[in-house]
Amino acid sequence: MKRTLRILGIAVPLALALTAVVVLPGWVPLFPRAMQRGMTEGLLRGTLFFYVAVCLAAFVGAPYFGWRTIQNWRRKRRGSRSERVFLLCLSCLFSFVALELGAAAVQAWTHRFPILTATFPARPADAYRIVVLGESSALGEPYRPWISIGQIVAWKLGEAMPDRRFETEILAWLGDSLEKQHQKLGRITQRPDAVIVYSGHNEFAARFEENRDYSLDLEPRAAVVRQLHQASLLSPFCRLVYELISKNRLDSPPSLKDHHQLIDPPLCSPTEAAAILTDFTARLEAIVAYCERIGALPILVISPANEADYEPSRSTLAPGVDQAERNRLVVDFQEARDAEPAKAEAFLRAILDRHPGFAEAHYRLGKILERSERIDEAREHFRLALDDDGLPIRCPEPFREAYRQVAERHPGCILIDGRREVAAASPSDLLDDHVIEDTHHPNLKGYVALAAAVLRELADRAVFGSASTAIQPPTLAASVAHFGIDPKRLAEACDRTSLHYKRVSGYRYDPAERLEASRRFAEAARRLRAGATIHEVGLPAFDFQETNQGASSK
């Protein structure tokens, strides 16, 4: 009877486990996404506990029970319990090695540099192919698929040289990092003549979810815990689990309630940020080198973003700042928000004297300086607010510098400073709502400015020989008319921008300004569908005569 119960005790759980393995995968896709996310994360966290148990058995149990086994052998006592436990611990040691080697292989394959072909089939001599790499801004968001920087460039080149065919292959996609785009470049089947690279906003957002578990992924403050965390990052298996947990949460909408505070932790640790920058730079270098190898012209666009009308998502302090100073900063900042401009400026400058990397203070000071028409100083504080943002969903300075360094090493490539080109098109001389639609997607005027810069460089370098003199810059009215950007399409674009602002509002401790922007764009979409002309909707993005004339004529 005891033997039967023992067999059942082993067989029943095993049968249930096997049934779950066979049946559950078919049911999981039917569960709500939140439940799927929770199940996946529970499984991944369970593997970490399993990993800790394997490590303890391998590196603590194996030496100890190995010593006990040797002692028993010397006493001629074989077959003891210590010997059996030693064999189990030894198996754990081999399992540990297998886990690490397997995880390293998976990571190496997942993040590999693609093998890019250099051999392509012949094509007509009059064809000129432009490949566009990047994320949603390179795709033309929120105006996709109607208009984007690559499409404008191809259109104007075709006008200048009607005897040639200019084709655009847009590999850019929503949310893609440069790593994903680099891998997509390996799938092209026709040789490009030019490659536009417009990336940099998604390098963190494509890897880390906004609501990530800081205790797991962020470098802890306690010295012992920080050392353990650093040690775990040496493990390919732990790095793989951290990465999978973060990616599993990427589609989780940020909370609008009690999730953030004025002083927040950064999205990722300095170690993680440095690794992402290194990978970005290496891939940018590899793409440019590949273009040179196949005879394509690399065109690098330093990604512009909304600086003057978009608040930083997270404002952070150095880890060593104590709680008393943090409390003092919160009080001082609230006094600055409540004070008249002159006093508020003094409060904010005092905060920045103590904490020069506090993004929210830079942004609020920039707004005060902008209102008092001290534009140059305001521009600098807006830039610092972007670069110090602890949740970098706008291309920060280290990544902009990576573009400059790569271009310096490859004089043959074209470098477009997107920040400078788009700001020059703004009536305020700032990167604000007049030229940027939301967080970092240019509006129509911004996209036209970027395309005009690319065309200017092509003409100045005489890329097409004597025909280059015929290249003309695009205008807003002509662009709107050529691509059919009518009120209906603009209403759809406003809907997308409204949804974007609603989503990113949960990134901040105070979502009010972003929720208000979402409301304004939703209202603009409603009015456009009701028959309002573009200049009547009241958004800064549409406050320019050329667009009004071009679109209202539709």
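Here is a short walk through this predicted model, from its sheet and helices to its cores, cysteines and backbone oddities.

**The sheet and what packs on it**

Start with the open sheet: five strands in the order 2-1-3-4-5, paired in parallel. Strand 2 (165–170) and strand 5 (414–417) sit at the edges with a single partner strand each, so one side of each has no neighbour in the sheet. On average, and ignoring direction, neighbouring strands are turned by 20 degrees against each other. Strand 1 (residues 127–134) runs parallel to strand 2 and is joined to it by six bridges. If you want a spot to begin looking, Ala127 stands opposite Arg165 in strand 2.

Two helices are worth pulling up alongside. Helix 10 (residues 270–294) packs on the sheet and touches strand 1, strand 3 (194–198) and strand 4 (297–302), with its direction at about 150 degrees to that of strand 4. Helix 15 (residues 397–409) lies across strand 3, strand 4 and strand 5, and runs at about 155 degrees to strand 4.

**A closer look at helix 10**

How does the span of helix 10 agree with 1.5 Å a residue? Its 25 residues should span 36 Å, and the end C-alpha atoms are 36 Å apart, so the two agree. Its buried residues include Ile276, Phe280, Leu284, Ile287 and Ile294, but also Glu272, Asp279 and Arg283. Right after the helix comes Gly295, with a positive phi near 80 degrees.

**Cores**

In soluble globular proteins, nonpolar side chains tend to be buried together. Here the largest nonpolar core has 98 residues, and Ile130, Val153, Leu157, Leu185, Val197, Leu300 and Leu458 have the most contacts inside it. Helix 17 (residues 444–460) gives this core its largest share, ten residues. Leaving aside residues up to four places away in sequence, Ile130 touches Val153, Ala154, Leu157, Glu167, Thr168, Glu169, Ala194 and Ile196. Another core, of 22 residues, lies apart from the largest one, with Ala361, Leu365, Ile368 and Leu430 among its members.

**Cysteines**

How many disulfides does the structure hold? Zero. A pair would need its sulfur atoms within 2.5 Å. The sulfur of Cys92 is 6.0 Å from the closest cysteine sulfur, in Cys89, so that is too far for a bond. For Cys291 the closest cysteine sulfur is in Cys413, 9.1 Å away, again too far. Both are tucked in: Cys92 is buried at 17% relative accessible area, and Cys291 is buried at 0%.

**Backbone oddities and a loop**

Most residues other than glycine have a negative phi, and most peptide bonds are trans. These spots go the other way:

| Site | Feature | Value |
|---|---|---|
| Glu141 and Pro142 | cis peptide bond | omega about 10 degrees |
| Arg144 and Pro145 | cis peptide bond | omega about 0 degrees |
| Asp429 | positive phi | about 65 degrees |
| Ala462 | positive phi | near 50 degrees |

Pro142 is in the loop between helix 4 (136–139) and helix 5 (149–160), and Pro145 is in the loop between helix 4 and helix 5 as well. Asp429 is found in the loop between helix 16 (418–424) and helix 17, and is partly exposed at 44% relative accessible area. Ala462 lies in the loop between helix 17 and helix 18 (476–482), and counts as partly exposed at 40% relative accessibility.

Last stop: is Ala125 buried or exposed? With a relative accessible area of 77%, Ala125 is exposed. Ala125 lies in the loop between helix 3 (81–110) and strand 1. Its C-alpha is 8.6 Å from that of Arg164, with the two positions 39 residues apart in sequence numbering.

Notes: Residues are numbered from 1 along each chain as its sequence is written. This is a predicted model: local features need pLDDT of at least 70, side-chain atom pairs count only at pLDDT 80 or more; totals for chains, interfaces and linings use all residues. Side-chain values use heavy atoms; hydrogens and water are left out. Two strands pair if DSSP finds at least two bridges between them. Helices (H or I, at least four residues) and strands (E, at least two) are DSSP runs, numbered from the N terminus. Axes are lines fitted to C-alpha atoms, for helices over the stretch in contact, and angles run from 0 to 180 degrees between N-to-C directions. Contact means heavy atoms within 4.5 Å. A nonpolar core is a set of buried Ala, Val, Leu, Ile, Met, Phe, Trp, Tyr and Cys residues joined through side-chain atoms within 4.5 Å. Buried means under 20% relative accessible area, exposed over 50%, partly exposed in between (1.4 Å probe, protein chains only). The expected span of a helix is 1.5 Å times one less than its number of residues.
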